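Reader: Hey, could you walk me through this one? I'm new to looking at structures.

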Amino acid sequence: MQVTRRQALGLSAGAMAFVALGPGLKAARADEAATEKMLMEFTGGKAPASGKITLTAPEIAENGNTVPITVSVESEMTDASYVESVTLLADGNPNPAVATFNFTPMSGEATATTRMRLARTQNVVAVAKMSDGSVFMDKKQVKVTIGGCGG
Amino acid sequence: MAAPKPRVKVPKSAAAGEVITIKTLISHTMESGQRKDSSGNVIPRQIINKFTCEFNGKPVFSCDIEPAISANPYFEFTAKVMESGTFTFAWADDNGETYTHEQAIEVK
């Protein structure tokens with residue numbers, strides 16, 4: 001069979017796309033599993049309930065290098081009942097851990113804002129651990145136009 | 001890299017029991033350890049890995065930081081003040097250094 005230049009180019013481009021896509025897909029799945037694992041480590045194996053915690057993130061982030069993000073948890077913040085810590089995870093980053101906020105009753109309110117990096121469009125997860133051991137979770141998808149991991 | 005410079009915004013005075021908002025920022029590149037230089041070598045990770053805020057020696061807020069926090073890490077959080085005193089802020093760098101900043105508040 002005679003292979004034309006056009007066919008040869010098409011074939012090699014297809015092969016390259018396949019090679020590029022393969023590890024990419026694999027990594028994405030591994031990260032979701034890693035996120036789940038980190039979540040379970042943080043909660044001590046407890047499945048988090050929804051509610052109480054609010055994660056505020058932009059729907060579309062133009063620049064993945066600085067994505068403003070706010071978490072706030074409803075709590076009295078007294079010595080008897082307060083939010084111990086809140087962890088932030090991003091399932092599409094090279095490493096899903098983002099930050100862990102540790103609160104005390106002296107915080108007054110369990111609210112914190114920071115700026116984070118997002119490599120690509122992905123889910124951001126916030127999990128709160130209360131002083132009585134209960135855990136709450138909120139999740140937001142953030143669409144990223146330009147990734148923020150120096151790629 | 002220039003020496004990291006902390007910038008902190010705390011109200012000068014507050015009423016007893018008031019919940020105040022504190023804003024902090026420190027200039028730091030937060031090198032993630034994911035980037036490569038022009039010859040393809042990985043640039044080693046150097047980030048601020050821990051931020052703490054204390055009031056009169058008691059912990060108020062702290063944060064364990066991963067490379068996914070942006071350059072010039074910014075934190076905004078709240079504190080409940082019952083008495084006059086001093087807030088102490090500390091940022092721990094991967095290179096072992098700690099940058100600190102103090103700010104007093106007067107409670108009326």
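Author: Sure, we can go through the confidence, then chain B, then how the two chains meet. One thing up front: this is a predicted model.

Reader: Okay, so how confident is the predictor in chain B?

Author: Chain B averages a pLDDT of 93, and 98% of its residues score at least 70.

Reader: And what about chain A?

Author: Chain A has an average pLDDT of 83, with 78% of the residues at 70 or above. There's a stretch to watch, too: over residues 18-29 of chain A the pLDDT stays under 50. For that stretch the model has one contact beyond four places in sequence.

Reader: What should I do with a stretch like that?

Author: Where pLDDT is low, the predicted coordinates should not be read in detail.

Reader: Got it. Which scores does the complex get?

Author: The predictor gives an ipTM of 0.90 and a pTM of 0.82 for the complex.

Reader: Switching to chain B, what is it built from, helices or strands?

Author: Strands: chain B has eight of them and zero helices. Its C-alpha atoms fill a box of roughly 60 × 20 × 20 Å along the principal axes.

Reader: How do E4(B) and E5(B) run relative to each other, parallel or antiparallel?

Author: They run antiparallel, joined by six bridges. One pairing there puts B:Phe55 opposite B:Lys58 of E5(B). The hairpin these strands form has two residues between the strands, and B:Asn56 takes a positive phi near 50° in it.

Reader: Now the contact between the chains. How many residues are involved?

Author: On the chain B side 30 residues are in contact with 27 residues of chain A. Together the chains bury about 2300 Å², 51% of it on carbon and sulfur atoms. In chain B, the residues that lose the most area to chain A are B:Ala68, B:Ser70 and B:Tyr74, together 22% of what that side buries.

Reader: How many salt bridges are there between chain B and chain A?

Author: Zero. What you do get between chain B and chain A is 21 residue pairs in polar contact.

Reader: Which strands of chain B give two or more residues to that side?

Author: Strands E3 (18-26), E4 (48-55), E5 (58-65) and E6 (74-81) of chain B do. The largest share comes from E5(B), with eight residues.

Reader: What kinds of residues does the side of chain B touching chain A have?

Author: By class, that side has 17 nonpolar, six polar and seven charged residues.

Reader: Back to E5(B): which strand of chain A is joined to it?

Author: Strand E6 of chain A, residues 97-103, is joined to E5(B) by five bridges, and the two run antiparallel.

Reader: Which residues should I click on to see that?

Author: Try A:Ala99, which stands opposite B:Ile65 in E5(B). Then look at A:Thr100, whose bridge partner in E5(B) is B:Asp64.

Terms used. Residues numbered from 1 in each chain as written. Chains lettered and ligands numbered in written order. Predicted model: local features only at pLDDT ≥ 70, side-chain atom pairs only at ≥ 80, totals over all residues. Heavy atoms only, no water. pLDDT = per-residue confidence, 0-100. Contact = heavy atoms within 4.5 Å. Buried area = accessible area lost by both parts, 1.4 Å probe. Salt bridge = Lys/Arg side-chain N within 4 Å of Asp/Glu carboxyl O. Polar contact = N/O pair within 3.5 Å; in protein donor to acceptor, adjacent residues only side chain to side chain. Helix = DSSP H or I, 4+ residues; strand = E, 2+ residues; numbered from the N terminus. Nonpolar A, V, L, I, M, F, W, Y, C, P; charged D, E, K, R; others polar. Pairing = 2+ DSSP bridges.
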